[in-house]
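Trainee: Could you take a close look at the second largest pocket for me? Afterwards, please go on to whatever else is worth describing.

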Amino acid sequence: MESTLEPFEYDGGVIDPGESEKLRFAISETYLGDPVRIPVTVVNGAEPGPTCFLSAAIHGDELNGIEVVREVVDEWEHDDIHGCVVGLPVLNVPGFITQERYLPIYERDLNRAFPGNEESTSAYRIAHRIYTNFIAPCDFGIDFHTSTRGRTNMFHVRADLENEAVARLAHAFGSHVIIAGEGAEGTLRREATEDGVPTITIEMGEAHRFEPPLIEEALHGVRSVFAEYGLYPQESVRWPGWRTTIEGWGERTWLRADTGGIVDIHHDRGELVHEDEAICTITSPFKTDVETVRAPFTGLLVGVLENPVVYPGNPICHFAEIEQSTIDILEETGATDETATPYPDIGL
Ligand SMILES: [Zn+2]
C-alpha cells in the first residue's frame with residue numbers, strides 16, 4: 001500500500017499533498033453536446049498514507065450513501081489525515097437527475113459496466129472514465145448502496161471474504177452483518193477487487209430517502225476503516241459487539257409470493273424470525289387472508305418489501321440463515337439493533 005507523499009493525478013489535474021479540490025469531471029456528453037459531469041472531492045493529506053475512494057449513487061436513486069460521502073469529504077476536518085480520500089458522491093449522474101436506478105438511456109446498469117471500455121457503449125465509456133481516473137489509482141474503496149425502490153435492506157456489508165485484503169476492509173467497517181460473495185461481473189466492487197483495489201459494498205436502507213440513523217452508522221464505519229488503515233492513526237477500530245457472516249447469496253433465501261395481493265408485513269428489516277413464524281400475510285382487496293408466508297427456518301430478515309403489493313413470484317423478503325450463536329445473541333437482546341456500538345468495551 002502506498003505510503004509516500006504523492007500528488008493525486010487525474011486526466012486534467014494534479015492535487016498535491018496537503019491540498020484539497022472540489023471538481024466536476026466530465027464522463028460523457030448529452031444530446032446537445034454538453035458535458036455530463038460527476039462531482040468529485042479529493043482530499044490529499046499532508047502526511048503519507050493510503051488512497052481510498054468512497055462512492056455512491058452508482059444506482060441513481062440510492063441516496064443514503066450520497067450523504068455519507070459528502071459528510072466525510074466535505075464536512076470532516078482533514079488537517080490530520082494521513083493519506084488521500086477520493087469522494088464520488090454521485091456516480092450515475094443521468095440516473096440521479098431522473099431519480100432512477102439505471103442510466104436512463106436503454107436502462108443500462110452502470111454497475112455492470114466496470115471496469116469500462118472507452119470504445120464501447122455509453123455505459124462502458126462512462127465506467128471507463130470513472131474507473132481509470134478515480135478508482136484504479138486507489139489502494140481500497142467503499143461503494144454505498146441501498147435496496148431497490150419498494151424494498152429496504154438492513155444495514156450490512158457485502159464482501160468477498162475469501163480475498164484477505166477485502167476481508168480486512170469488511171471487518172474494519174464493523175457492521176453486525178456481512179454477506180459473503182464476490183458480486184456480479186461488471187460491478188464496481190468485483191472488478192476493482194480483481195484489479196487489486198479491494199472494495200466492499202455497504203447496503204443501507206431504501207432508495208429515495210435519507211435515513212439519518214443509517215447514515216450515522218455508516219460514518220462510524222468509515223471512521224473505523226480510516227483507523228484500521230492509518231488515515232486516522234489516532235483513532236481505534238471498532239468492534240460491533242457481535243458479527244455474523246452470511247455465506248452466499250442463494251435464491252433459497254428469497255421468499256416469494258405465490259398469490260397476488262396486498263401485503264401485511266409483521267416484522268421489520270433486521271428482525272430475527274423463528275421457524276414457522278408468520279413473516280407476512282397476503283390479503284385480498286376485501287381484507288381476507290389469502291396466503292401466509294412463514295419462515296422456513298430461524299433467520300434474519302435482511303431485506304423486506306416496503307411497497308406492500310405483489311404479483312405471484314414477486315420477492316417479499318431476503319431471509320438469511322444465521323449461526324446459532326447469533327440467534328442466541330438476538331434472542332437475548334430482543335431485536336436487532338442495526339446500529340453497532342461505535343466503540344464498545346468488548347472484543348477489542
Ligand atoms: Zn445499488
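Mentor: The second largest pocket has a volume of about 320 Å³ in this predicted model. Its lining is made up of 15 residues, and E29, T30, V36, P94 and I105 are the ones nearest the centre. Two strands and two helices each give two or more residues to that lining: β3 (20–29), β4 (35–44), α2 (93–98) and α3 (122–135). By residue class, the lining holds 10 nonpolar, three polar and two charged residues.

Next, the metal site. The zinc ion takes its protein donors from H59 (ND1), H145 (ND1) and E62, whose OE atoms appear twice in the list, at 2.0 to 2.4 Å. Along the chain these donors follow the spacing H-x2-E-x82-H. H59 and E62 are both buried. The angles among the four donor atoms run from 57 to 151°. A tetrahedral site would need all angles between 85 and 135 degrees, so this one is classed as irregular.

Last, a sheet. Four strands form an open sheet in the order β16-β15-β13-β18, with antiparallel pairing. β16 (289–294) and β18 (309–310) are at the edges; each has a single partner strand, so one side of each lacks a neighbour in the sheet. Within the sheet, β13 (residues 261–265) pairs with β15 (residues 278–283) over four bridges. V263 stands opposite I282 in β15.

Notes: Residues are numbered from 1 along each chain as its sequence is written. This is a predicted model: local features need pLDDT of at least 70, side-chain atom pairs count only at pLDDT 80 or more; totals for chains, interfaces and linings use all residues. Side-chain values use heavy atoms; hydrogens and water are left out. Donors are N, O and S atoms within 2.8 Å of the metal (3.2 Å for Na, K and Ca); water is not among the atoms, so sites may look incomplete. Four donors count as tetrahedral if all angles lie between 85 and 135 degrees; four count as square planar and six as octahedral if opposite donors are over 155 degrees apart and all others between 65 and 115; anything else is irregular. Buried means under 20% relative accessible area, exposed over 50%, partly exposed in between (1.4 Å probe, protein chains only). On a 1 Å grid over the protein atoms alone, a cavity is a set of points where a 1.4 Å probe fits but cannot get out, and a pocket is an open set with protein on both sides within 12 Å along at least five of seven lines; lining residues have an atom within 4 Å of a point. Grid points are joined across faces, edges and corners, and a volume is the space filled by probe spheres set on the points. Ala, Val, Leu, Ile, Met, Phe, Trp, Tyr, Cys and Pro count as nonpolar, Asp, Glu, Lys and Arg as charged, and the others, Gly among them, as polar. Two strands pair if DSSP finds at least two bridges between them.
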